[in-house]
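User: Please take a close look at the core of this protein. Start from one well-connected residue and work outward through the parts around it.

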Amino acid sequence: MQIHYKTLFITLFASLLILVTGTFIWVSLQLDTTKVEEASDNILAMFHHELDQELSNALFLSVALSDNKALKEALLDEDEDAGYRILMRTLKKLKRYTYVRDIRMQILTSDLNIFARSWDNSYAGMPLEGFRVDLQRIRRLRKPKVSIDPGRLLTIKATTPFRDGVKIIGYIEAIKTFDRLTYRLRRQGIELTVLMDERFLDIATLMRENPTLGPYVVSNKNHNAALLEAVTPYADKIATNSYFKSEAYLHVVDMLRDSAGERIGYYLLSVPLAKMKEFENKEEKISFFLQLSKEDLYGVVERWESDRGSFKSLYDKELIKLLENASPGERSMFEEEARELLRSYTREELIDVIVKSRYRETKKGKIR
């Protein structure tokens, strides 16, 4: 009988120990899963914020230059050489005095032929309609749009119509690669790998020599090559998981969509496991900044569609703003163009610019 009780006690104790150990392991796994999900959500939020900033900057530049009077006149005159010179001169100033650095610009005619390019003007007159399905959507929308669509490269493209009254006479595009976005995320501890489905290589002819990861083509040239090699054995997880772990990294997956909302690849966001804790419990701060970037992005199109106040165009307004904020040594770069621009304004329009844009009370006097 004593042996029976002893056996029963040992059995109960062992069962209880197994139950406690199992519960502890289950709770630990649940806690680890919760932490990974929190970190993943915050990594995605930080990525979306930075991506929205890139989209907003490209769209703003496209919208601003769509009001450039000299570019419009060159397009109407079908003067490709003048269009190229004006585009290069304007872009050079913007790169020198604003946030614009890694951006290219191109102007298209209304029938979607290349009119001028900032990086290579030898293709002037070349039709793009067959290479760019997204341009057909611009014809239907008749308003600015920014998206990520395959062309000869996979890039961010912000496109705005040139208008002559109600008639659309062409389009201007601001084009950005993912290099600056990759760099900005890297400074925050996140490695970005932009993966395009290889089925688009028949269009993306300049990406045929790019590195690959399973059935995907790496689209950002400043990606982390060592990380790409480390994640290669896990390539099959990208299409089926919102996040996964490799030996040293947490990888967060986000879908890459084109302007029609179709999936064309994935964004892979990788953070060292040793630094994962840094991305937990940041919801409040990240949510605040994400809201700002969304407002900036949608505000650009609203400004294009709304009344531009006392200025004739958004381009005019931004040029004068640059002049007002320039240092004494920089003012001469803008003064000549600003004077030429303002000569096209009537006396009444100039008064409106001065009164409405720089002061809040009525001013009287003569403009000499």
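Analyst: **The core and its surroundings**

Start at Leu154. Beyond its neighbours within four places in sequence, Leu154 is in contact with Ile148, Asp149, Phe178, Val194, Met196, Met207, Ser219, Leu256 and Ile264. The model is predicted, and side-chain atom pairs count only at pLDDT 80 or more.

Leu154 belongs to the largest nonpolar core, which has 55 residues. Leu154, Tyr267 and Leu269 have the most contacts inside this core. Helix H1 gives the most to it, with 13 residues. A second core of twelve residues is separate; Tyr216, Ala235, Ile238 and Phe244 are among its members. As a general rule, nonpolar side chains tend to be buried together in soluble globular proteins.

Now take one position in H1. Ala58 sits in this helix, which covers residues 2–65. Its relative accessibility is 0%, so Ala58 counts as buried. Ala58 and Ile103 are 45 residues apart along the chain, yet their C-alpha atoms are separated by 7.8 Å. With neighbours within four places in sequence set aside, the contacts of Ala58 are Ile103, Ile156, Ala158, Ala174 and Lys176. Two of those contacts, Ile103 and Lys176, also face each other: Lys176 in S5 is the bridge partner of Ile103.

That bridge leads into a sheet. Five strands make up an open, antiparallel sheet in the order S2-S1-S5-S4-S3. S2 and strand S3 (145–150) are the edges; each has a single partner strand, so one side of each is left without a neighbour in the sheet. From one strand to the next, the twist averages 30°. Inside the sheet, S1 and strand S5 (residues 167–176) are paired antiparallel over seven bridges.

Thr109 lies in S1 as well. At 18% relative accessibility, Thr109 is under the 20% limit and therefore counts as buried. Its side chain makes a polar contact of 2.3 Å with the side chain of Asp111. Past the neighbours within four places in sequence, Thr109 is in contact with Phe115, Ile169, Gly170 and Tyr171.

The loop from strand S1 (103–109) to strand S2 (114–117) holds Leu112. Leu112 is not a glycine, but its phi is positive, about 70°. Most residues other than glycine have a negative phi. Is Leu112 buried or exposed? Its relative accessible area is 0%, so Leu112 is buried.

Glu78 makes a useful contrast. This residue also has a positive phi, of about 60°, and is not a glycine. Its place is the loop between helix H2 (69–76) and helix H3 (80–97). Glu78, however, has 66% relative accessibility and so counts as exposed. The two loop residues thus share the sign of phi, while Leu112 is buried and Glu78 is exposed.

H2 itself comes just before Glu78. At its N-terminal end, Asn68 acts as the cap: a side-chain oxygen of Asn68 lies 3.0 Å from the backbone nitrogen of Ala70. Leu71, Ala74 and Leu75 are the buried residues of H2. Viewed down the axis of H2, they fall within an arc of 100°, so they line one face of the helix.

Helix H5 (residues 179–187) follows a related pattern. Asp179, Leu181, Thr182 and Leu185 are buried there. These buried residues span an arc of 160° down the axis of H5, so they too line one face. After H5 comes Gly189, with a positive phi near 90°.

A six-stranded sheet completes the tour. It is open and antiparallel, in the order S7-S8-S6-S11-S10-S9. Strand S7 (212–213) and strand S9 (243–245) form its edges, and each pairs on one side only. Strand S6 (residues 191–197) and strand S11 (residues 263–272) run antiparallel and are joined by six bridges. Across this pair, Glu191 stands opposite Ser270 in S11.

That returns to the starting point. Among the contacts of Leu154 are Val194, Met196 and Ile264. Their numbers fall in the ranges of S6 and S11. Ile148 and Asp149 are also contacts of Leu154, and their numbers fall in the range of S3.

Definitions and conventions: Residues numbered from 1 in each chain as written. Heavy atoms only, no water. Helix = DSSP H or I, 4+ residues; strand = E, 2+ residues; numbered from the N terminus. Buried < 20%, exposed > 50% of the residue type's maximum accessible area, 1.4 Å probe, protein only. Contact = heavy atoms within 4.5 Å. Polar contact = N/O pair within 3.5 Å; in protein donor to acceptor, adjacent residues only side chain to side chain. Pairing = 2+ DSSP bridges. Arc of directions from axis to C-beta. Axes fitted to C-alpha atoms, helices over the stretch in contact; angles between N-to-C directions. Core = buried A, V, L, I, M, F, W, Y, C linked by side-chain atoms within 4.5 Å.
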